[in-house]
Amino acid sequence: MDLTQSERFSLRRREVARALLADRGDMLVVAGLGSTAWDVTAAGDHPLNLPLWGAMGGAAAIGLGLALAQPDRRVLVITGDGDMLMGLGSLATIAVQQPANLAIVVFDNERYGETGMQPTHTAHGVDLAAMAHGAGIAVTGTVHGAAALEAALPAIRAEPGPVFYAVKVRAESLPFALPPKDGAWLKDRFRHALLGR
Ligand SMILES: Cc1ncc(C[n+]2csc(CCOP(=O)(O)OP(=O)(O)O)c2C)c(N)n1
């Protein structure tokens with residue numbers, strides 16, 4: 001295995017976040033801790049963003065809960081491969097629950113970026129989309145490059161799910177784009193934007 005291959009992936013995570021979140025409408029967005037929270041914030045802070053400041057392993061499960069509670073709203077989870085690897089069991093629960101309004105997108109840089117770029121299991125060949133498919137999530141795929149991302153966008157944004165894509169993004173360290181830091185405040189902002197006061 002070439003553990004440095006992700007340094008040469010063509011897709012850049014901030015551009016992928018921008019593409020996923022363009023004209024987002026009333027979509028609910030959960031961002032996993034660390035880099036994906038910065039990516040989602042760099043694309044534009046928004047009251048319907050729930051960027052996690054911790055809870056590693058929890059992003060997909062939080063997205064599932066939201067999707068079940070708000071079946072008429074599209075829920076998009078954007079998280080890292082490290083977070084997803086820590087929360088793999090949630091793929092099984094998502095498959096059992098089959099929330100049609102939930103999409104999970106893993107920004108797979110094959111690294112634990114926030115803690116020093118250590119290679120994750122995906123650098124060694126672990127296939128997250130195959131694991132999601134094996135759990136019973138019908139719409140799954142691994143995205144390499146701009147054309148494949150463009151082709152996957154309709155499924156991620158709008159088509160019946162649950163949907164799971166691993167998007168292979170370049171391993172790169174980028175400037176912080178920090179969301180508001182108070183978790184309770186973020187939760188309240190999200191709640192008010194979703195449910196009113
Ligand atoms: C339970 C737990 N273990 C470890 C950490 C430390 N930690 C924070 S972010 C992170 C790596 C996240 O990697 P990934 O989800 O792949 O995101 P990336 O930054 O690579 O996009 C780790 C190990 C943590 N916050 N919580």
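Helices, in the sense used here, are DSSP runs of at least four residues, strands are runs of at least two, and both are numbered from the N terminus. With that in mind, the reader can place Ser6, which belongs to the segment before helix H1 (13-21). The model is a predicted one, and the walk through it below begins at this residue and then moves on to a pair of strands, a helix, the ligand and a few places where the backbone takes a less common form.

Is Ser6 buried or exposed? Its relative accessible area is 0%, and because buried means under 20% relative accessible area, Ser6 counts as buried. Apart from residues up to four places away in sequence, Ser6 touches Asn109, Glu110 and Arg111, and also Val169, Arg170 and Ala171. With one of these residues there is a polar link as well, since the side chain of Ser6 reaches the backbone oxygen of Asn109 at 2.9 Å. Ser6 can also be set beside Pro119, for the two stand 113 residues apart in sequence, while their C-alpha atoms are 9.5 Å apart in space.

The next stop is strand E4 (residues 102-108), in which Phe107 lies. Phe107 is buried, and its relative accessible area is 0%. If neighbours within four places in sequence are left aside, the contacts of Phe107 include Arg13, Val16, Ala17 and Leu20, along with Ile78, Thr79, Gly80 and Asp81, and also Val167 and Val169. For Ala17 a distance can be added: Ala17 and Phe107 are 90 residues apart along the chain, and their C-alpha atoms are separated by 9.1 Å.

Lys168 is found in strand E8 (residues 163-168). With a relative accessible area of 10%, Lys168 is buried, and a polar contact of 2.8 Å joins its side chain to the side chain of Asp108. Asp108 also appears among the residues that Lys168 touches outside its own stretch of four places in sequence, together with Phe9, Leu11, Glu110, Thr122, Thr142, Val143 and His144. Before E8 comes the loop that follows helix H7 (146-157), and Pro162 is found in this loop. There the peptide bond that joins Gly161 and Pro162 is cis, with an omega of about 5 degrees.

Helix H8 (residues 183-195) has 13 residues and reaches 18 Å from its first C-alpha to its last, which is close to the 18 Å expected at 1.5 Å a residue. At the start of H8, a side-chain oxygen of Asp182 comes to within 2.9 Å of the backbone nitrogen of Ala184, and at the other end H8 is followed by Gly196, whose phi is positive, near 80 degrees. Which residues of H8 are buried? They are Leu186, Arg189, Phe190 and Leu194. Seen down the axis of H8, these buried residues fall within an arc of 125 degrees, so they line one face of the helix. What they pack against is strand E1 (28-31), strand E2 (49-51) and helix H3 (59-69).

The model also holds a ligand, which is surrounded by 15 residues, the closest being Ser35, Gly82, Asp83, Arg111 and Gly113. Arg111 has been met already, as one of the residues that Ser6 touches. Backbone atoms take part in the surroundings of the ligand: a backbone N or O atom of Asp83 lies 2.9 Å from a ligand oxygen, one of Gly113 lies 2.6 Å from a ligand oxygen, and one of Glu114 lies 3.3 Å from a ligand oxygen. The ligand has 590 Å² of accessible area on its own, and the protein covers 72% of this.

Two further loops remain, each with a residue that has a positive phi without being a glycine. In the loop between E2 and H3 is Ala55, with a phi near 60 degrees. Ala55 is partly exposed, its relative accessible area being 48%. In the loop between helix H5 (89-97) and E4 is Gln98, whose positive phi is about 50 degrees. Gln98 is likewise partly exposed, here with a relative accessible area of 37%.

Technical notes
Residues are numbered from 1 along each chain as its sequence is written. This is a predicted model: local features need pLDDT of at least 70, side-chain atom pairs count only at pLDDT 80 or more; totals for chains, interfaces and linings use all residues. Side-chain values use heavy atoms; hydrogens and water are left out. Buried means under 20% relative accessible area, exposed over 50%, partly exposed in between (1.4 Å probe, protein chains only). Contact means heavy atoms within 4.5 Å. A polar contact is a pair of N or O atoms within 3.5 Å; within protein, one must be able to donate a hydrogen and the other to accept it, and residues adjacent in sequence count only if both atoms are side-chain atoms. The expected span of a helix is 1.5 Å times one less than its number of residues. The arc is that of the directions from the helix axis to the C-beta atoms. A residue is near a molecule or strand if one of its heavy atoms lies within 4 Å of it. Accessible areas come from the Shrake-Rupley method with a 1.4 Å probe; for residues, only the protein chains shown count as cover.
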